[in-house]
Amino acid sequence: MKTGNTTNETKLGGRFTFPGTSLTVQRMGYGAMQLAGPGVYGPPKDPDAAVAVLREAIAAGVNHIDTSDFYGPHVTNQIIKKALHPYPAGLVIVTKLGARRPADGSWQRAISPQELTEGVHDNLRNLGLEALDIVNYRAMGAVHGPAEGSITREVNVLADLKRKGLIRHIGVSNVTAAQVAEAQAITDIVCVQNNYNLANRHDDVLIEDLARQGIAYVPFFPLGGFTPLQSSTLSAVADRLGATPMQVALAWLLHRSPNLLLIPGTSSVAHLRENLAAAELTLSPETLAELDGIAAATVAVKH
Ligand SMILES: NC(=O)c1ccc[n+]([C@@H]2O[C@H](COP(=O)([O-])OP(=O)(O)OC[C@H]3O[C@@H](n4cnc5c(N)ncnc54)[C@H](OP(=O)(O)O)[C@@H]3O)[C@@H](O)[C@H]2O)c1
């Protein structure tokens with residue numbers, strides 16, 4: 001881990017500075033995908049509740065929000081703008097490009113230079129910004145995760161938009177280690193956003209490699225996403241610590257490596273508070289070893 005980019009403050013997991021940038025965030029952030037309607041499509045049932053979640057996050061000190069204009073589509077960004085614009089100083093909004101949502105609600109690739117450029121302008125308009133702090137190129141990959149294949153053309157488009165001043169910094173999402181390296185040969189990569197949690201540890205080696213370079217690793221589905229994490233070990237540890245299983249899952253991620261930034265998603269103020277409080281949990285080496293056993297057991301069952 002490069003020194004100097006993480007502080008030891010315990011509030012919201014301490015702070016992290018994206019490499020080569022002036023953007024510093026609390027390690028405990030917020031993922032806005034759950035603010036759209038069912039299936040991440042259309043408006044939420046209760047738009048006021050969505051606004052309340054965002055305002056509560058900011059009031060609690062969160063300054064890293066993950067979003068995309070394809071959540072809704074457009075809906076999530078419009079709610080963020082309604083709730084928080086003009087944005088507080090220091091708020092870092094990270095968005096992603098690479099998909100579109102036709103009227104049937106499906107997720108389709110949108111990776112041509114024209115689609116990626118339009119995607120940047122959609123984000124700027126719906127968020128009410130003149131430049132985007134960080135944009136992830138989100139590769140569509142295979143059903144269950146990333147798939148090898150060149151991403152040079154798409155990253156070049158983002159690098160060009162960065163030169164034009166519409167994007168400040170670039171990340172990649174749903175990618176393999178080879179694709180991260182491919183992107184780094186084109187432009188500076190400040191973060192990688194992949195599917196990772198207590199039970200899904202495919203990126204263990206990549207996390208160490210990014211940590212050595214000071215690059216943020218931002219796990220999506222930190223709580224299991226559409227299939228919330230469930231494990232008797234997790235529940236037993238949570239009982240013992242007087243915490244909830246979701247809090248323990250988030251605390252484990254904060255302990256996993258100092259370059260991990262969390263963006264748990266929720267549409268509920270109560271869950272938001274619970275999730276942010278997870279940063280106060282300290283896990284002993286024995287408890288961490290016990291929790292590490294969850295992934296080992298998952299792998300054993302699969303084989
Ligand atoms: N790059 C990518 O491809 C990609 C893919 C997916 C997501 N993301 C990003 O990653 C963020 C996090 O992922 P996610 O929201 O899909 O999944 P997640 O954070 O793993 O889990 C969210 C789910 O957990 C529930 N939940 C949250 N806190 C809870 C708590 N304390 N107790 C019980 N249930 C709780 C939420 O329901 P409630 O609303 O009821 O709390 C929701 O159903 C997203 O918001 C999005 O910004 C990126």
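How many residues surround the ligand, and which are the closest? There are 25 of them, and the closest are Asp66, Arg138, Thr266, Ser267 and His271. Keep in mind that this is a predicted model. Here's a quick tour of the ligand's surroundings, then of helix 3.

**Around the ligand**

- Sorted by type, the shell residues come out as 10 nonpolar, 11 polar and 4 charged.
- Helix 9 (residues 269-277) is the top contributor to this shell, supplying 3 residues.

**Polar atoms at the ligand**

- Ser173 puts a polar side-chain atom 2.8 Å from a nitrogen atom of the ligand.
- Backbone atoms join in too: a polar one of Phe221 is 3.5 Å from an oxygen atom of the ligand, and a backbone N or O atom of Gly224 sits 3.3 Å from an oxygen atom of the ligand.
- On its own, the ligand has 890 Å² of accessible area, and the protein covers 87% of that.

**Helix 3**

- Helix 3 (residues 113-127) has 15 residues, so at 1.5 Å a residue it should span 21 Å; its end C-alpha atoms are indeed 21 Å apart.
- Its buried residues are Leu116, Gly119, Val120, Asn123, Leu124, Asn126 and Leu127.
- Why might a helix bury residues at such spacings? An α-helix has 3.6 residues a turn, so residues three or four places apart point the same way.
- The cover over the buried residues of helix 3 includes helix 2 (75-84), helix 4 (152-163), strand 5 (92-97), strand 8 (132-138) and strand 9 (167-173).
- Right after helix 3 comes Gly128, with a positive phi of about 75°.

Technical notes
Residues are numbered from 1 along each chain as its sequence is written. This is a predicted model: local features need pLDDT of at least 70, side-chain atom pairs count only at pLDDT 80 or more; totals for chains, interfaces and linings use all residues. Side-chain values use heavy atoms; hydrogens and water are left out. A residue is near a molecule or strand if one of its heavy atoms lies within 4 Å of it. A polar contact is a pair of N or O atoms within 3.5 Å; within protein, one must be able to donate a hydrogen and the other to accept it, and residues adjacent in sequence count only if both atoms are side-chain atoms. Accessible areas come from the Shrake-Rupley method with a 1.4 Å probe; for residues, only the protein chains shown count as cover. Helices (H or I, at least four residues) and strands (E, at least two) are DSSP runs, numbered from the N terminus. Ala, Val, Leu, Ile, Met, Phe, Trp, Tyr, Cys and Pro count as nonpolar, Asp, Glu, Lys and Arg as charged, and the others, Gly among them, as polar. The expected span of a helix is 1.5 Å times one less than its number of residues. Buried means under 20% relative accessible area, exposed over 50%, partly exposed in between (1.4 Å probe, protein chains only). Contact means heavy atoms within 4.5 Å.
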